[in-house]
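Please walk through the side-chain contacts of this protein, beginning with its aromatic rings and ending with its charged groups.

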Amino acid sequence: MTPEQILSACKAGIAAWQKAFNNQDAAGCAAQYEEAAVMHARPFGTFTGREEIQAFWQGIIDQGFNDVDYTDVEWVAKNDDSYVLTAKWTMNKAFGAVHHEQWRIQADGSALLAADDFEVQGER
């Protein structure tokens, strides 16, 4: 794959995650992570694997959080098969920053999150 194709697949991955979250679909959110992905959700803790990640997102959704949007998005190539996203984010009830989302190309050409590190920085 060319770097442009890899970046396009990574952008499709984040769009699918955002759509799932905004549709209140925790399983759809978790499906955008590799099976053994590690997610650091500051200040909540570290969640490893899709099952723990899905449970985290379900809890957030159950508390009424929705309508996530990203600004100041930057993509940086990492290795030959992945990009790292950094951004600011807002939801209906909170805001924060994505410090490091590594989207990695899979065997089928799609991209999934290999690592996720984000922070809630305040309430709205």
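In this predicted model, the count of aromatic pairs comes to 8. One of them joins Trp-17 and Phe-21, whose rings are stacked, with 5.3 Å from centre to centre and 10 degrees between the planes. These two residues are 4 apart in helix H1 (residues 3-22), so about one helical turn separates them. Both side chains can be placed by their accessibility: Trp-17 is buried, at a relative accessible area of 4%, and Phe-21 is buried at 0%.

Trp-17 also pairs with Trp-57, and here the ring centres are 5.0 Å apart. The planes of Trp-17 and Trp-57 meet at 65 degrees, and because angles over 60 degrees count as edge-to-face, the pair is classed that way. This contact links distant parts of the chain, since Trp-17 belongs to helix H1 and Trp-57 to helix H3 (residues 49-62), 40 residues apart. Trp-57 is buried, as is Trp-17. The aromatic contacts extend beyond these residues: Trp-17, Phe-21, Phe-44, Phe-47, Phe-56, Trp-57 and Phe-118 form one cluster.

A ring also takes part in a contact with a charge. The charged end of Lys-93 sits over the ring of Phe-65, at 4.8 Å from the ring centre.

Turning to pairs of opposite charge, the whole structure holds 5 salt bridges. Arg-50 forms one with Glu-35, where the closest N and O atoms are 3.0 Å apart. Arg-50 lies in helix H3 and Glu-35 in strand S1 (residues 33-42), so this bridge ties together parts 15 residues apart in sequence. Arg-50 is partly exposed, with a relative accessible area of 25%, whereas Glu-35 is exposed, at 54%.

A further salt bridge, 2.7 Å from N to O, brings together the side chains of Arg-42 and Asp-117. Because Arg-42 lies in strand S1 and Asp-117 in strand S6 (residues 111-123), the pair ties together parts that are 75 residues apart in sequence. Arg-42 is partly exposed at 36% relative accessibility, while Asp-117 is buried at 14%.

Lys-88 and Asp-72 meet in another salt bridge, with 3.4 Å from N to O. This pair, too, links distant parts of the chain: Lys-88 is in strand S4 (residues 82-90) and Asp-72 in strand S3 (residues 69-78), 16 residues apart. Lys-88 counts as partly exposed, at 47% relative accessibility. Elsewhere, salt bridges with shared partners join Arg-42, Asp-117 and Glu-119 into one network.

Methods:
Residues are numbered from 1 along each chain as its sequence is written. This is a predicted model: local features need pLDDT of at least 70, side-chain atom pairs count only at pLDDT 80 or more; totals for chains, interfaces and linings use all residues. Side-chain values use heavy atoms; hydrogens and water are left out. Rings of Phe, Tyr and Trp (its six-membered ring) pair if their centres lie within 6.5 Å; planes under 30 degrees apart count as stacked, over 60 as edge-to-face and the rest as tilted. Buried means under 20% relative accessible area, exposed over 50%, partly exposed in between (1.4 Å probe, protein chains only). A charge sits over a ring if NZ of Lys or CZ of Arg is within 6 Å of the ring centre and within 35 degrees of the ring normal. A salt bridge is a side-chain nitrogen of Lys or Arg within 4 Å of a carboxyl oxygen of Asp or Glu.
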